Amino acid sequence: MSGCCCLQCVRTQQVAVTEDLGQFKALLSPGFHCIMWPISSIVGTLSLRIQQLDVVCETKTKDNVFVQVAVAVQFRVLVESAYDAYYRLSDPRGQIQSYVFDVIRSTVPKMELDEAFASKQEIADATLTQLKDVMKDYGYEILTTLVTDLAPDSKVKASMNEINASRRLKEAASHKAEADKVRQVKAAEAEAEARYLSGLGVARQRKAIVQGLQASVSEFSDEVEGATPKDVMDILLLSQYFDTLSSVGANSLILEHDPATVANLQRQVGVAFLEKESGGHK
């Protein structure tokens with residue numbers, strides 16, 4: 001507001017309060033005004049713009065943790081109630097702060113710390129409900145209330161971070177153990193499958209060897225006159241014996257060699273077959 005004596009200007013988004021010899025006379029809207037100075041005078045102005053009050057309140061939760069709750073209250077003067085706003089309250093910000101303290105200290109102690117963090121909107125709504133009706137009687141409109149921060153003690157923060165970190169590590173260890181279990185199970189299944197296939201291959205190999213031996217004995221007996229199957233088997237056993245010696249020598253192993261080994265091996269095999277045959281006849 002600006003002016004000189006009788007001529008006064010009220011700025012946009014303001015309302016001026018005039019008095020005649022100390023008695024309220026009228027509210028002046030924005031613009032140019034002529035008053036009867038010094039009988040009439042402008043004693044004050046009210047801003048109609050939205051204002052914000054930041055309030056920080058310390059209280060404790062249900063689980064006895066002290067926290068600082070920061071609340072932002074946005075409010076403005078109602079034009080039609082500017083008289084009440086100017087004359088009924090000497091300190092509107094202090095009045096709003098007192099009501100915020102009352103709501104915070106009656107709401108947060110009913111909650112545990114984790115619940116308080118999750119219920120910021122409930123705290124803000126409770127504060128707005130309490131302030132809206134009360135401050136309207138004094139010419140102020142409460143537009144919104146925001147819980148901008150909820151900060152426990154630094155030691156409590158550190159403890160919460162450690163708890164969270166421990167839980168994360170536990171989950172990671174659990175997932176790693178589960179992965180190791182799956183890996184071991186799959187490895188065992190793969191090994192079992194490999195052994196099965198290996199055994200199947202060995203069985204087929206031996207079957208093929210036996211079939212080949214049978215074919216060789218039959219062809220040799222047919223083509224070489226006077227040769228008996230026993231002679232053919234002696235030759236095959238001898239060749240297999242020399243192949244075995246060659247394989248052992250390739251691995252730098254020392255094996256005692258006796259030419260009678262082949263005959264002894266043949267005799268032992270024959271005895272085993274005879275015992276089996278005699279056992280079957282019984």
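I will talk about the nonpolar cores of this predicted model, and then about two residues with an unusual backbone angle.

Let me begin with the inside of the protein, where the largest nonpolar core has 31 residues, and where V69, I96, V100 and I104 are the ones with the most contacts inside this core. If you follow the chain along, you will find that β7 (51-60), β8 (66-77), α1 (82-87), α2 (92-107), α3 (113-118), α4 (120-136) and β9 (140-152) each supply at least two residues of this core, while the largest share, six residues, comes from β8.

It helps to look at one of these residues in detail, so please find I104 in the structure. Which residues does I104 touch, once we leave out those up to four places away in sequence? The list is C57, T59, V69, V71, P109, I123 and T127. There is also a second, separate core, which consists of five residues, with A16, L28, I35 and I42 among them.

Now I turn to the backbone. Most residues other than glycine have a negative phi. Q13, however, has a positive phi of about 60° although it is not a glycine, and Q13 sits in the loop that lies between β2 (7-10) and β3 (14-20). N64 likewise is not a glycine and has a positive phi of about 60°, and its place is in the loop between β7 and β8.

Are these two residues buried or exposed? Because its relative accessibility is 38%, Q13 counts as partly exposed, whereas N64, with a relative accessible area of 54%, is exposed.

Terms used: Residues numbered from 1 in each chain as written. Predicted model: local features only at pLDDT ≥ 70, side-chain atom pairs only at ≥ 80, totals over all residues. Heavy atoms only, no water. Core = buried A, V, L, I, M, F, W, Y, C linked by side-chain atoms within 4.5 Å. Buried < 20%, exposed > 50% of the residue type's maximum accessible area, 1.4 Å probe, protein only. Helix = DSSP H or I, 4+ residues; strand = E, 2+ residues; numbered from the N terminus. Contact = heavy atoms within 4.5 Å.
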